[in-house]
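Work through the exercises below with the model open. Try each task before reading its solution.

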Amino acid sequence: LLINMTSKDVKPILTDLVQACEILPPTYQALHYHAQTDSLAYFCSANNSLLILDQADYNIQATIVFQLRDLWSIFKLSTDGANIAILLMGEFYTSSPLNSILIKVDMQTKKVVSQIVFNQGLGVDEAVVAFASNKNFAYIATNRMEGQTIATTVYLLYSLGNTYQLAPLRTFST
């Protein structure tokens with residue numbers, strides 16, 4: 001919905017885009033505003049692409065398609081400096097989860113700058129469920145089932161292009 005705070009008017013936007021792009025109702029918001037480049041982006045899970053939208057009429061200005069085998073209905077978008085980071089995830093609480101994938105797109109060049117498949121350095125049935133970064137560091141969080149509880153581990157992420165190393169920081173259970 002687009003809310004005009006002055007007039008208090010509300011109108012639906014992106015209706016056609018949402019219908020064309022959503023496989024399932026998204027777990028997280030598919031729309032992301034990247035302040036550094038004043039860009040509005042939408043992740044289309046029906047074809048694994050990042051759509052850059054015109055902020056005046058919400059038409060698609062550019063499409064960045066990711067070459068992936070699977071369709072990802074669970075994803076998170078976040079800002080990572082000049083990049084948008086897209087974390088694609090399988091089901092959260094299952095044995096044998098899909099490997100999570102982190103894709104970073106440079107919003108100035110509109111090109112993929114890295115694509116990390118989290119398939120090493122994790123425990124059995126451990127899945128990446130969150131990514132965060134600041135100016136100096138990047139972190140991931142993982143979940144794994146341990147009987148009736150969920151163990152969450154936060155790692156410091158060292159990445160170089162499409163490769164990475166993890167350093168565990170803290171684990172807790174719920």
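**Exercise 1. In which order do the four strands of the open sheet that includes strand 5 stand, and is the pairing parallel or antiparallel?**

Solution. This is a predicted model, where local features need pLDDT of at least 70, side-chain atom pairs count only at pLDDT 80 or more, and totals for chains, interfaces and linings use all residues. Residues are numbered from 1 along each chain as its sequence is written, and side-chain values use heavy atoms, with hydrogens and water left out.

Step 1. Fix the terms. Strands (E, at least two residues) and helices (H or I, at least four) are DSSP runs, numbered from the N terminus. Two strands pair if DSSP finds at least two bridges between them.

Step 2. Read the order: 3-4-5-6, with antiparallel pairing.

Step 3. Find the edges. Strand 3 (31-34) and strand 6 each pair on one side only.

Step 4. Add the twist. Neighbouring strands are turned by 25° against each other on average, direction ignored. The axes behind such angles are lines fitted to C-alpha atoms, for helices over the stretch in contact; angles run from 0 to 180 degrees between N-to-C directions.

**Exercise 2. Trace the links of strand 5 to strand 4 and strand 6.**

Solution. Step 1. Start with strand 4. Five bridges join strand 4 to strand 5. C44 has S49 as its bridge partner, and Y42 has L51.

Step 2. Look at the turn. Four residues lie between strand 4 and strand 5 in this hairpin, and N48 there has a positive phi of about 50°.

Step 3. Go on to strand 6 (residues 60-65), which is joined to strand 5 by five bridges. L53 stands opposite I60. Six residues lie between the strands of this hairpin, where Y58 has a positive phi of about 65°.

**Exercise 3. Explain why strand 5 counts as largely enclosed.**

Solution. Step 1. Apply the cut-offs: buried means under 20% relative accessible area, exposed over 50%, partly exposed in between (1.4 Å probe, protein chains only).

Step 2. Count. Five of the five residues of strand 5 are buried, so the rest of the structure largely encloses this strand.

Step 3. Check both faces. S49, L51 and L53 are buried on one side, L50 and I52 on the other.

Step 4. Take L50. Its contacts (heavy atoms within 4.5 Å) include A41, F66, L77, I86 and V105, leaving aside residues up to four places away in sequence.

**Exercise 4. Describe the largest nonpolar core.**

Solution. Step 1. Define it: a set of buried Ala, Val, Leu, Ile, Met, Phe, Trp, Tyr and Cys residues joined through side-chain atoms within 4.5 Å.

Step 2. The largest core has 27 residues; Y42, L50, F66, I86, L88 and V105 have the most contacts inside it.

Step 3. Helix 1 (15-21) and strand 9 (101-106) are among the elements that each supply at least two residues. Strand 4 gives the largest share, five residues.

Step 4. A second, separate core has 16 residues, among them I116 and L166.

**Exercise 5. Locate the disulfide and give its handedness.**

Solution. Step 1. The structure holds one disulfide (a pair of cysteine sulfur atoms within 2.5 Å).

Step 2. C21 and C44 form the bond, with sulfur atoms 2.2 Å apart. The S-S torsion is about -100°, so the disulfide is left-handed.

Step 3. C21 lies in helix 1 and C44 in strand 4, 23 residues apart. Both cysteines, C21 and C44, are buried.
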